[in-house]
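Q: I would like a close look at the enclosed space inside this protein, along with the parts of the fold that border on it or help to place it. Please go through it slowly, and tell me where caution is needed.

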Amino acid sequence: MSIVESIGDLYVRKILNSDPNFERLRYLAVLTAATEPPFVTSGTILNGKPTFNVKQLWRIANHLGLDFERFRGAERVLEHLERAGLVSSVKNEETQHHTMYYLTELGLSQSRLNMDRLRKLQEFESQAKTMQMAIKKQLTSGAPKAILEISLAAKIFTIGRDDDNDLSVEDPYISGKHARITYTSDGWVFEDLNSRNGSYKLETGALSRISRSEVTDNGLYQLGSTIFRFRCPKALP
């Protein structure tokens, strides 16, 4: 489901407009929607990326029924998102010295994941509080969120919160035994071990939930609120 379709959900739109904790997700969702039909044609392409100024984003938000301040207020929120590594900006002669914004790879994945979680709040009421906490944590200001790069070197590699995993991660949204990566005759295979919050793979700008997947070199995965990049040798010694 596209972000534009997600925002069309009255329940999701109400949460985004009424809960101040989701202000940054609201702006991030508008920028994501700007990269989808029918809005993408309104942006300026710079270095292969569609970029948008605050006025364009305000028009898109207004069309979608989302609250979005036109200038100073919007710039304040977008600056927070930029510090968190979710949005980037450019201002030069090519943009006629106007500030233009575009999504980072991390911002796109976080936007899609968190909008998907919002849609599920009604369906999984028992997990609503956990999902809300995860979204708020991911949108906090501060240093850009790092991608944890892992070089695979063993036939079996496990990830989770428990200490007996090959990689123990202090992330409250990762399960004790969350995932396993196995080297087979056909290559590397990722398996989710029935984790509570699931595992997600980022491909061509889209985040999809997976239970089992082939792992390619430099592949990006999200477990809990942590992003992983896996480096996969073609063969093990």
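A: In this predicted model, the search for enclosed space finds one cavity of 30 Å³ or more, and the largest cavity holds about 60 Å³ of space. Ten residues line this cavity, and those lying nearest its centre are Leu106, Ser109, Leu202, Leu220 and Ile227. Helix α6 (105–120) and strand β13 (219–223) each contribute at least two residues to that lining. In character the lining is made up of seven nonpolar residues, two polar ones and one charged one.

Helix α6 also takes part in a second feature, an open one. The second largest pocket has a volume of about 190 Å³, and ten residues line it, with Lys49, Pro50, Leu103, Thr104 and Leu108 closest to its centre. Here α6 is joined by β2 (49–51) and β4 (100–103), each of the three elements supplying at least two lining residues. The lining of this pocket divides into four nonpolar, four polar and two charged residues, whereas seven nonpolar residues were counted around the cavity.

The other element named for the cavity lining, β13, is preceded by a loop that deserves attention, and asparagine 218 lies in this loop, between β12 (212–215) and β13. Asparagine 218 has a positive phi of about 75° although it is not a glycine, and with a relative accessible area of 36% it is partly exposed. A comparable case is asparagine 194, in the loop between β9 (187–192) and β10 (199–203), where phi is positive at about 55°. Asparagine 194 has a relative accessibility of 77% and therefore counts as exposed, the cut-off for that class being over 50%. Most residues other than glycine have a negative phi, and most peptide bonds are trans. An exception of the second kind is the cis peptide bond between proline 37 and proline 38, with omega at about 5°; proline 38 sits in the loop between α3 and β1 (44–46).

That loop leads back to helix α3, which covers residues 23–34. All twelve of its twelve residues are buried, so α3 is largely enclosed by the rest of the structure; among them are the charged Glu23, Arg24 and Arg26 as well as Leu25, Leu28 and Leu31. The length of α3 can be checked too: because each residue should add 1.5 Å, the twelve residues are expected to span 16 Å, and the distance of 17 Å between the end C-alpha atoms agrees with this.

Away from the helices, isoleucine 156 gives a view of strand β6 (residues 156–160), to which it belongs. Isoleucine 156 is partly exposed, at 48% relative accessible area, and its C-alpha atom is separated by 4.6 Å from that of threonine 182, although the two residues are 26 apart along the chain. Setting aside neighbours within four places in sequence, the contacts of isoleucine 156 are with Asp166, Arg180, Ile181 and Thr182.

As for caution, the mean pLDDT of the protein is 85, and 87% of its residues reach 70 or more. Over residues 140–144, however, the pLDDT is below 50, and this stretch has eleven contacts in the model beyond near neighbours in sequence. Where pLDDT is low, the predicted coordinates should not be read in detail.

Note on methods
Residues numbered from 1 in each chain as written. Predicted model: local features only at pLDDT ≥ 70, side-chain atom pairs only at ≥ 80, totals over all residues. Heavy atoms only, no water. pLDDT = per-residue confidence, 0-100. Contact = heavy atoms within 4.5 Å. Helix = DSSP H or I, 4+ residues; strand = E, 2+ residues; numbered from the N terminus. Expected span 1.5 Å × (residues − 1). Buried < 20%, exposed > 50% of the residue type's maximum accessible area, 1.4 Å probe, protein only. 1 Å grid on protein atoms, 1.4 Å probe; cavity = no way out; pocket = protein on both sides within 12 Å on 5 of 7 lines; lining within 4 Å. Points joined across faces, edges and corners; volume = space filled by probe spheres on them.
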